[in-house]
Amino acid sequence: MSVDAWALLKAGAKDEALRHMKEAYSQEGTSSDIMRLGVAYLWTEDYLSALKHFVEVNERYPKHADRFYAMAGSSQWCLEKPHEAVKAWREGLDCQYTDSARVTLPLILYFASVARPTICSIGDAERLLTDRAKSNRIQKWPGPIAQFLLDQIDEDGLRRKCEGFNDRDTALRNWKADFYLSVAERSRGNAGRYSELLQKCRMISEH
């Protein structure tokens, strides 16, 4: 896409940015185009459009990529429909394409179990992570986050494994680590550090 639609979006040109993203999606329809448009809907808080977009993608390409199910569930979560969100995340557990450690959706379900324990069992989430951790693939990112949540490594060990391919990748890994560190602190009842880490995540995501 020759036009920097994200720059337009951040500059406040929402309609123009979305028009370019929709054109790219309709013409090329690559995985990147799918994610770019869906994330833009979420970023602009148009959760219904994001949900419709990702549901249509998952119907067209069932069990293809777990990140599409992750985003469908996130849209439901933002619409305050946690039951439907958890259902979407569970539906994507056996997709063809996932991260190298196969933990993206189990991690999200762990978050859900802490945020809404009556809807998602932390025991089930931990069992999913434990099952994934039996493979050597757990060493690949974002597997170390699962290892941390399972008490297989400490926070320092997690930070050491946040080094990515470049500075941007390292920053993104640390952002994700901060988020799940905040989830862990919430589960432990440490409200102070939970709020501190969550605020750090919010500040970084706004830049």
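## Starting at the aromatic rings

Let's begin with Tyr-180, which counts as buried because its relative accessibility is 5%, under the 20% cut-off. Keep in mind as you look around that this is a predicted model. The partner of Tyr-180 is Phe-179, and the two rings make an edge-to-face aromatic pair, with 5.0 Å from centre to centre and 85 degrees between the planes. Phe-179 itself comes out as partly exposed, at 22% relative accessibility.

These two rings have company. Together with Trp-77, Trp-89 and Phe-111, Phe-179 and Tyr-180 make up one aromatic cluster. The count of aromatic pairs comes to 5. One of them is Trp-77 with Phe-111: the ring centres are 5.3 Å apart and the planes sit at 55 degrees, so this pair is tilted. It also ties together distant parts of the chain, since Trp-77 belongs to helix 5 and Phe-111 to helix 7, 34 residues apart. How accessible is Trp-77? Its relative accessible area is 22%, so Trp-77 is partly exposed. Phe-111, at 18%, counts as buried.

## Helix 5 and what surrounds it

Trp-77 leads us nicely into helix 5, which covers residues 66–78. This helix has 13 residues and reaches 18 Å from first C-alpha to last, close to the 18 Å expected for it. For a bit of background, an α-helix has 3.6 residues a turn, so residues three or four places apart point the same way.

Which residues of helix 5 are buried? They are Asp-66, Phe-68, Tyr-69, Ala-70, Met-71, Ala-72, Gly-73, Ser-75 and Gln-76. Their cover includes helix 3 (31–43), helix 4 (47–60), helix 6 (82–91) and helix 7 (104–115). For one view of the helix 4 side, look at Asn-58, which is found in helix 4. Asn-58 is buried, with a relative accessible area of 8%. Leaving out residues up to four places away in sequence, Asn-58 touches Phe-68, Tyr-69 and Ala-72, and these three are among the buried residues of helix 5.

## A pocket among three helices

Asn-58 also turns up in the lining of the second largest pocket. About 210 Å³ of space lies in this pocket. Its lining is made of Leu-51, Val-55, Asn-58, Glu-59, Tyr-69, Ala-72, Gln-76, Glu-84, Lys-87, Ala-88 and Glu-91. Which elements give two or more residues to that lining? They are helix 4, helix 5 and helix 6.

As for the chemistry of the lining, the residues divide into 5 nonpolar, 2 polar and 4 charged. Tyr-69 and Ala-72 are worth a second look here: both line the pocket, and both are touched by Asn-58.

## Loops with unusual backbone angles

Now for the loops. Glu-45 lies between helix 3 and helix 4, and it has a positive phi of about 65 degrees although it is not a glycine. Is Glu-45 buried or exposed? With a relative accessible area of 58%, Glu-45 is exposed, because that value is over the 50% cut-off.

Lys-63, in the loop between helix 4 and helix 5, has a positive phi too, near 60 degrees, and is likewise a residue other than glycine. At 34% relative accessibility, Lys-63 counts as partly exposed. After helix 5 comes Glu-80, whose phi is again positive, near 60 degrees.

Another backbone feature sits further along the chain. Where is Pro-142? You'll find Pro-142 in the loop between helix 8 (122–133) and helix 9 (143–149). The peptide bond that joins Trp-141 to Pro-142 is cis, with omega about 5 degrees.

## Arg-159 and its contacts

The last stop is Arg-159, in helix 10 (residues 155–160). Its relative accessibility is 24%, so Arg-159 counts as partly exposed. What does Arg-159 touch, not counting residues up to four places away in sequence? The list is Asn-174, Ala-177, Asp-178, Leu-181 and Lys-200. In the case of Asn-174, the two residues are 15 residues apart in sequence, while their C-alpha atoms are 7.2 Å apart in space.

Definitions and conventions
Residues numbered from 1 in each chain as written. Predicted model: local features only at pLDDT ≥ 70, side-chain atom pairs only at ≥ 80, totals over all residues. Heavy atoms only, no water. Helix = DSSP H or I, 4+ residues; strand = E, 2+ residues; numbered from the N terminus. Expected span 1.5 Å × (residues − 1). Buried < 20%, exposed > 50% of the residue type's maximum accessible area, 1.4 Å probe, protein only. Contact = heavy atoms within 4.5 Å. 1 Å grid on protein atoms, 1.4 Å probe; cavity = no way out; pocket = protein on both sides within 12 Å on 5 of 7 lines; lining within 4 Å. Points joined across faces, edges and corners; volume = space filled by probe spheres on them. Nonpolar A, V, L, I, M, F, W, Y, C, P; charged D, E, K, R; others polar. Phe/Tyr/Trp six-rings, centres within 6.5 Å; stacked < 30°, edge-to-face > 60°.
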